[in-house]
Amino acid sequence: MRTHDAAGRASRLVEQMASDRVLWAAWARVAAGSGMAGADGVTASVFGREVGPRLTALATLLRQGRYRAQPLRPVRMVRGGKPRTRGLPTVCDRIVQRAFLSTYGTRLNPTSPVSSSYRPGRSWLNALEQVQRHRDEGLRWVLRTDIADFFADIDHGQPLERLAARINDPDAAELVRDWACAPWLMPEGVLERRRGLPEGAPISPALAEFFLADFAREIDGRSGRLVRYADDLTVLCRGPDEAMAALRDVDRALTSRGLRINPDKTYIADFEFGFTLLGWRFTGNSAQPVGDVQGGR
């Protein structure tokens with residue numbers, strides 16, 4: 001990673017990330033999390049025993065261009081009844097990712113009229129409010145779907161090129177690329193990853209939002225109004241024909257990005273028949289919670 005210009009100075013963004021204030025705040029966020037060890041075996045508890053010297057050393061590595069992202073530790077988990085592998089970065093990598101997000105995150109993903117996920121001050125409640133607002137505007141038919149295996153299937157190619165252009169800082173962009181493409185550390189050795197975002201990495205939700213932003217611009221307003229919460233998609237339409245057109249639009253837009261709709265969670269309904277979204281059941285002009293309110297689909 002090159003983090004120096006011709007005069008030997010660290011890039012402005014990397015210098016901000018390496019500041020004491022930013023690194024200590026990033027450490028506080030990581031320490032408040034699960035605390036699990038990454039591939040190096042260092043837990044947050046162990047890191048915290050010498051946190052001052054460790055953060056000073058980390059700042060020096062960043063400023064001198066010697067910081068390198070480490071491989072991911074695979075952690076097996078069950079989500080939605082299906083086995084998944086969660087890629088967990090080291091504590092150091094999680095701290096630097098948090099430092100990047102605190103200095104650049106809001107510029108990477110400015111306020112979106114479509115998405116309410118992973119944004120300061122917004123939540124799943126905002127998505128529900130958007131649905132109610134579009135309903136009251138006369139959009140009474142909905143396409144409900146989500147993206148199949150989004151975090152596992154997203155391609156590293158074109159999205160990372162767009163990301164580098166947005167950040168406009170080659171050093172920081174290279175850091176983000178290293179995090180997104182970090183290999184697995186398996187018992188048999190290091191295994192390269194060519195697709196997907198590590199679900200255990202702090203940077204991944206922000207990257208997911210960035211990667212889906214142009215998809216949202218393509219879909220919203222075409223056959224209906226899009227409401228997106230992470231990879232959960234709702235398109236509100238005037239009638240059934242528009243909802244069918246929205247399904248074709250979404251399928252075409254995802255396919256062009258190497259992604260797929262989830263057929264098991266795809267259907268068209270109106271408000272009279274009812275549908276569920278993020279753990280709420282919409283029927284007529286009312287909405288009631290069902291099951292796990294936060295994210296039960």
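This report describes aromatic ring pairs, a charge over a ring and the setting of one loop residue in a predicted model.

## Aromatic pairs

A pair of aromatic rings is described by the distance of the centres and the angle of the planes. Searching the whole structure gives 8 aromatic pairs. In one of them, the ring centres of Trp-27 and Phe-47 are 5.2 Å apart and the planes meet at 35°, so this pair is tilted. The pair joins distant parts of the chain, since Trp-27 belongs to helix α2 (residues 20-31) and Phe-47 to helix α3 (residues 44-49), with their positions 20 residues apart in the numbering. Trp-27 has a relative accessible area of 11% and is therefore buried. Phe-47 is likewise buried, at 2% relative accessibility.

Phe-210 and Phe-211 also pair, in an edge-to-face arrangement with a centre-to-centre distance of 6.0 Å and an angle of 65° between the planes. Both of these residues, Phe-210 and Phe-211, are buried.

## Ring cluster and charge over a ring

Phe-100, Tyr-104 and Trp-179 are linked into a cluster by ring pairs.

A charged residue is placed at another ring: Arg-193 lies over the face of Trp-184, 5.9 Å from the ring centre.

## Thr-90 and its contacts

Thr-90 is located in the loop that runs between β2 (82-88) and α5 (91-108). Its relative accessibility is 1%, so Thr-90 counts as buried, the limit being under 20%.

When neighbours within four places in sequence are set aside, the residues in contact with Thr-90 are Gly-38, Ala-39, Asp-40 and Gln-70.

Note on methods
Residues numbered from 1 in each chain as written. Predicted model: local features only at pLDDT ≥ 70, side-chain atom pairs only at ≥ 80, totals over all residues. Heavy atoms only, no water. Phe/Tyr/Trp six-rings, centres within 6.5 Å; stacked < 30°, edge-to-face > 60°. Helix = DSSP H or I, 4+ residues; strand = E, 2+ residues; numbered from the N terminus. Buried < 20%, exposed > 50% of the residue type's maximum accessible area, 1.4 Å probe, protein only. Lys NZ or Arg CZ within 6 Å of the ring centre and 35° of its normal. Contact = heavy atoms within 4.5 Å.
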